[in-house]
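User: Hello! I am new to reading protein models and would like a close look at a single part of this one, explained step by step.

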Amino acid sequence: MTGKLKAGLAALALTTGMAQADSVTVGMITTLSGGGAGLGIDVRDGFNLALEHAGEHNIRLVVEDDAQRPELAVQIAERMIQSERADILTGIIWSNLAMAVVPSTVAQDIFYISPNAGPSALAGANCHPNYFNAAWQNDMLHEAAGQHANELGYENTFIMAPNYPAGTDALNGFKRYYEGELAGELFTQVGQTDYAAEIAQIRASGADSVFIFLPGGMGISFMRQYEGSDVGLPIVSAGFSFDQDVLPAMGSAALGVINTSQWSPDLDNDANARFVADFQEAYDRLPSLYASQGYDTANLILSALEAADVSDMDAFRDALHAADFASVRGDFEFAANHHPIQTVYVREVVEADGVLTNRIIGTAFERHQDVHGENCPM
């Protein structure tokens, strides 16, 4: 099984980008280098695993690295649309890159299906019939963290996130449901690695807890420095900052951290069991929520292609909205603004068989929908 799966993925990697007769070209623009590379690599690998599981398919996948640079992402998108004749774009991790790429993409009658970034603007007033998000709207998991902070009895939380659209959405989402006071509210720099000043502010704030949104290398840097400080306040977060892409590098600093997510490796359904087992066999690591989102995104596209031709945009759009596939999350449905309605779980970072991972300990929301859809004209 292991050898067969790895051989299939190797062959898939070799044929990625090669034109096939009657193929549907999917352009994946994602982050494969720098501090956020782990997120993009996991989305790519999850997507490829779904294609391998599908067996025969007509998707031609073209993958390029945006290096977490908006201007480069825009250039790649235009090249994929004009030169590669992409029918669908996907892959973007960071919301500032999504805001740079998505509006012009969908305006050119190209579908964009997000496996991650879900900025509030694209869920609300700037929603578009050709834009779908297969992951979440940015606020959603942070809203769940705010709700759970209430249940934990936190009354004076210090909140912090990077200064870009997803960071703004994160803090707004947390505050939307959190009922306590704020000991402080702070925006950091995207890609920041030194958090000594921020940790000093937390120490002096009188906080009883800390909420952070620091995905990728930012979270690793913060947690290593936080563990070495004398602050010791409990941390609550969304799964972005405490998932499998960063837990090995965080080490013991992450143990016991409570976080919220729409997915977890221990979710009990057949699709997830197969995904987790085969991902680990293929790539020699546990999957992250980013990998699960890449996997679901590919299966969403495959399910729509089974029902409609991508050239018939109305029919293909309807097929995407139907979301007729077996999600690793279990039940999956889209709201009218093309963002998921879904359960958000409470998880804890634990050690299992010598590996740090997450386990579900509760449910924050059931069939939760983002608040921005009410501003979407669709």
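What distance separates the centres of domain 1 and domain 2, taken over C-alpha atoms? Please look closely at the place where the two meet.

Analyst: Happy to help! This is a predicted model, in which local features need pLDDT of at least 70 and side-chain atom pairs count only at pLDDT 80 or more, while totals for chains, interfaces and linings use all residues. Residues are numbered from 1 along each chain as its sequence is written, and side-chain values use heavy atoms, with hydrogens and water left out.

To your question: the centres of domain 1 and domain 2, taken over C-alpha atoms, are 26 Å apart. Domain 1 covers 2-136 + 268-334 and domain 2 covers 140-261 + 344-375; such bounds come from an automatic or database domain assignment. To the contact, domain 1 gives 20 residues and domain 2 gives 24 residues, where contact means heavy atoms within 4.5 Å.

How much area do they cover up? Domain 1 and domain 2 bury about 1700 Å² between them, and 65% of it is on carbon and sulfur atoms. Buried area here is the accessible area (1.4 Å probe) that two parts lose on being put together, summed over both.

Now for the pairs that cross the interface. The rule finds 1 salt bridge between domain 1 and domain 2; a salt bridge is a side-chain nitrogen of Lys or Arg within 4 Å of a carboxyl oxygen of Asp or Glu. Arg367 and Glu333 join their side chains in a salt bridge, at 2.5 Å from N to O. The rule also finds 5 residue pairs in polar contact across this interface, both residues being at pLDDT 80 or more. On the side of domain 1 that touches domain 2, the elements giving two or more residues are helix 2 (37-54), helix 4 (95-107), helix 5 (120-123) and helix 12 (289-307). Helices (H or I, at least four residues) and strands (E, at least two) are DSSP runs, numbered from the N terminus. A polar contact is a pair of N or O atoms within 3.5 Å; within protein, one must be able to donate a hydrogen and the other to accept it, and residues adjacent in sequence count only if both atoms are side-chain atoms.

Let us stay with helix 12 for a moment. Asp296 forms a salt bridge with Arg329, with the closest N and O atoms 3.0 Å apart. Asp296 lies in helix 12 and Arg329 in the loop between helix 13 (313-322) and strand 11 (333-334), so the pair ties together parts that are 33 residues apart in sequence. Asp296 and Arg329 are both buried, and buried means under 20% relative accessible area, exposed over 50% and partly exposed in between (1.4 Å probe, protein chains only).

Finally, look at Ser288, in the loop between helix 11 and helix 12. Ser288 is buried, with a relative accessible area of 0%. Its side chain makes a polar contact with the side chain of Asp42 at 2.6 Å, and the side chain of Ser288 also reaches the backbone nitrogen of Tyr290 at 3.2 Å. Leaving aside residues up to four places away in sequence, Ser288 touches Asp42, Asp243, Gln244, Asp245 and Trp263. Asp42 has further partners to follow: Asp42, Arg44, Asp45 and Arg285 are linked in a network of salt bridges.
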